[in-house]
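Here's a walk through one protein model, taken a piece at a time. Have the viewer open and follow along.

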Amino acid sequence: MNTTPNIHAMIVAAGRGSRFGASIAKQYTMLEGQTLLQHSVARLACSDYIDNCLLVISADDSTAQQLEFALPVRYAVGGAERWQSVQAGVEAISQTGADDSDLVLIHDAARPAVPNVDIDQVIEAAMLEPYGAILATPVADTLKASYQLATSAEESRPHSYTKSTIDRSNMWQAQTPQVFRLGQLKKVLNYVFEHQLSITDEASAFEQLDLPIRLVSGSRQNIKLTYPDDAVLLTAIMGLQS
């Protein structure tokens, strides 16, 4: 196993973030004078393992190339689903002559507060793994399964009720960066395509084939901007980190 692979960084920024509900794509939300995308690139720039970054953007994106970044960047055009954007990025990296044993680091544009030490730790863990490693945090809250009951005719939506409490002892919340061997990542993404699977992150593609991905405990400061309230938390976290 190659324990000193080249590192290829990629940020997926081809979506709009429908849950955020803004008129602009979520990655261009301004925080502390810069867009989320610029902040996320700047975090990767703090790692000695990363010296450039591939940005996967949508075909109609006219904003990214007008911005200044803390790393040299190049671009690839993403797809409708996240995994399709990652696949486009993987193809672009392969075309540079990257070796299948190299590592591809995938980060969300909407996680601009990932601590620098976490980036290095997940890279170093992935260097020792045949498939890869991801940042994650153990679940702290009590988890409830639910069911829905129809309500009166006056109420348009059913209410949710608790059904059971889920054992959280082996539950983790996935974060990014997620770091994988290039050749193995290509194989699992092809499997997703061939079987028309629905996945929410790249690690879940490996899970489909029972391929082990190491969990690296990350900081709870590495939150993702998903809802408008998250912007308040991120601003506070980034202020404390600086």
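What follows goes from a strand to a helix, then to a pocket and a few backbone oddities. Keep in mind that this is a predicted model.

Let's start with strand β4, which covers residues 53–57. Is β4 mostly covered or mostly open? It's mostly covered, with five of its five residues buried. In a regular strand, side chains alternate between the two faces of the sheet. You can see both sides at work here: Cys53, Leu55 and Ile57 are buried on one face of β4, and Leu54 and Val56 are buried on the other.

Now look at what β4 pairs with. Strand β1 (residues 7–13) runs parallel to β4, and the pairing takes in five bridges. Strand β5 (residues 73–77) also pairs with β4 in the parallel sense, again over five bridges. Cys53 is a handy place to see both pairings: Ala9 stands opposite Cys53, while in β5 the bridge partner of Cys53 is Val73.

Next up is helix α4, residues 182–194. A quick geometry check works nicely here: at 1.5 Å a residue, its 13 residues should span 18 Å, and the end C-alpha atoms are indeed 18 Å apart, so the two agree. Which residues of α4 are buried? They are Leu182, Gly183, Leu185, Val188, Leu189 and Val192. An α-helix has 3.6 residues a turn, so residues three or four places apart point the same way. With that in mind, color the buried set and see what it packs against: α2 (82–94), β6 (103–108), β10 (172–181) and α5 (202–208). After α4 comes Gln196, whose phi is positive, near 50 degrees.

The start of α4 also brings in Asp100, a residue in the loop between α2 and β6. Leaving aside neighbours within four places in sequence, Asp100 is in contact with Arg181, Leu182, Gly183 and Lys186. Asp100 counts as partly exposed because its relative accessibility is 42%, and the partly exposed range runs between 20% and 50%. For a sense of distance, Asp100 and Gln65 are 35 residues apart in sequence and 29 Å apart in space, C-alpha to C-alpha.

Strand β10 turns up again in the second largest pocket, which holds about 410 Å³ of space. Of the 15 residues lining this pocket, the closest to its centre are Thr137, Val139, Trp172, Gln173 and Arg220. Which element gives the largest share of the lining? That's β10, with four residues. By class, the lining has seven nonpolar, four polar and four charged residues.

Finally, some backbone details. Most residues other than glycine have a negative phi, and most peptide bonds are trans. Where does a cis peptide bond turn up? The one to look at joins Thr176 and Pro177, with omega at about 10 degrees. Pro177 sits in strand β10.

As for phi, Glu32 has a positive value of about 50 degrees although it isn't a glycine. Glu32 is in the loop between β2 (30–31) and β3 (34–35), and at 53% relative accessibility it counts as exposed. Asp210 is another non-glycine residue with a positive phi, near 55 degrees. Asp210 lies in the loop between α5 and β11 (214–217) and is exposed, with a relative accessible area of 71%.

Notes. Residues are numbered from 1 along each chain as its sequence is written. This is a predicted model: local features need pLDDT of at least 70, side-chain atom pairs count only at pLDDT 80 or more; totals for chains, interfaces and linings use all residues. Side-chain values use heavy atoms; hydrogens and water are left out. Helices (H or I, at least four residues) and strands (E, at least two) are DSSP runs, numbered from the N terminus. The expected span of a helix is 1.5 Å times one less than its number of residues. Buried means under 20% relative accessible area, exposed over 50%, partly exposed in between (1.4 Å probe, protein chains only). Contact means heavy atoms within 4.5 Å. On a 1 Å grid over the protein atoms alone, a cavity is a set of points where a 1.4 Å probe fits but cannot get out, and a pocket is an open set with protein on both sides within 12 Å along at least five of seven lines; lining residues have an atom within 4 Å of a point. Grid points are joined across faces, edges and corners, and a volume is the space filled by probe spheres set on the points. Ala, Val, Leu, Ile, Met, Phe, Trp, Tyr, Cys and Pro count as nonpolar, Asp, Glu, Lys and Arg as charged, and the others, Gly among them, as polar. Two strands pair if DSSP finds at least two bridges between them.
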